[in-house]
Amino acid sequence: MVAIALTWHRVEWMPDDTWVKMTRPKVVAAGIDPNDLDRSVYVIRLNGDFCIEYPSGESPTLYVGEGNFSQRIDAHRIWVKELKDLVGDFSFQVCIAVPRVRKNVDAYLDTEAAILQRFGELFGSAPLWNKQFESRRNNYEYSNRQVD
């Protein structure tokens, strides 16, 4: 059994933030090498005391994603801005992890699937902006640690 330690780094994010001037410096300040983001896993959450009511509980999680965070975050601006316009002015939090497994460059894909699976078990559905669950590719186990 392969155990993957996930170290989560949190950054505040707004849909108007540009990558070069705003988001990248926050990512670097959080201790993440931007060159490692091509195989990252990230969770977009409401910041503060806001939550979404899911069938089996409440969570601030809106979306779980994988891939090149520096490119993918721009694609999320549209729906995040729509949500912000709907409910008012507040910020978002992005939690980023960079899972690595020797001889498996696609470990981050299993990580995303495992997070979505666990979310579904806990809250009875996929996060609000995820359209589907992903299939697990490996039988990895995960542990995590929060880093501010």
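**Exercise 1. Which residue in S6 does valine 43 stand opposite, and how is S2 placed between its partner strands?**

Solution. The model is a predicted one, and the steps below read it as such. Step one: in S6, the residue opposite valine 43 is cysteine 95. Step two: the pairing of S2 with S6 is antiparallel and extends over six bridges. Step three: S2 is also joined to S5 by six bridges, again with the strands running antiparallel, and here valine 43 stands opposite valine 64. Step four: turning to solvent, six of the seven residues of S2 are buried, so the strand is mostly covered, given that buried means under 20% relative accessible area.

**Exercise 2. Describe the largest pocket, beginning with its volume and ending with the make-up of its lining.**

Solution. Step one: the volume of the largest pocket is about 530 Å³. Step two: 23 residues line this pocket, and those closest to its centre are Trp8, Val43, Ile115, Arg118 and Asn144. Step three: at least two lining residues come from each of strand S1 (3-13), strand S2 (40-46), strand S5 (61-67), strand S6 (92-97), helix H3 (107-123) and strand S7 (141-147). Step four: H3 gives the largest share of the lining, namely eight residues. Step five: sorted by class, the lining holds twelve nonpolar, seven polar and four charged residues.

**Exercise 3. Which parts of the chain does the pair of tyrosine 54 and phenylalanine 123 tie together, and what is the geometry of this pair?**

Solution. Step one: nine aromatic pairs are counted in the model. Step two: in the pair formed by tyrosine 54 and phenylalanine 123, the rings are 6.1 Å apart centre to centre with 55° between the planes, and the pair is classed as tilted. Step three: because tyrosine 54 lies in strand S3 (residues 52-54) and phenylalanine 123 in helix H3, the pair ties together parts that are 69 residues apart in sequence. Step four: tyrosine 54 counts as buried, with 7% relative accessibility, and phenylalanine 123, with 16%, counts as buried as well.

**Exercise 4. How many residues apart in helix H3 are phenylalanine 119 and phenylalanine 123, and how do their rings meet?**

Solution. Step one: these two phenylalanines, 119 and 123, are four residues apart in helix H3, which is about one turn of the helix. Step two: phenylalanine 119 and phenylalanine 123 form a tilted aromatic pair, at 4.6 Å centre to centre and with 40° between the planes. Step three: both phenylalanine 119 and phenylalanine 123 are buried. Step four: elsewhere in the list of aromatic residues, one cluster is formed by Trp19, Tyr42, Tyr63, Phe69, Trp79 and Trp129.

Key:
Residues numbered from 1 in each chain as written. Predicted model: local features only at pLDDT ≥ 70, side-chain atom pairs only at ≥ 80, totals over all residues. Heavy atoms only, no water. 1 Å grid on protein atoms, 1.4 Å probe; cavity = no way out; pocket = protein on both sides within 12 Å on 5 of 7 lines; lining within 4 Å. Points joined across faces, edges and corners; volume = space filled by probe spheres on them. Nonpolar A, V, L, I, M, F, W, Y, C, P; charged D, E, K, R; others polar. Phe/Tyr/Trp six-rings, centres within 6.5 Å; stacked < 30°, edge-to-face > 60°. Buried < 20%, exposed > 50% of the residue type's maximum accessible area, 1.4 Å probe, protein only. Pairing = 2+ DSSP bridges.
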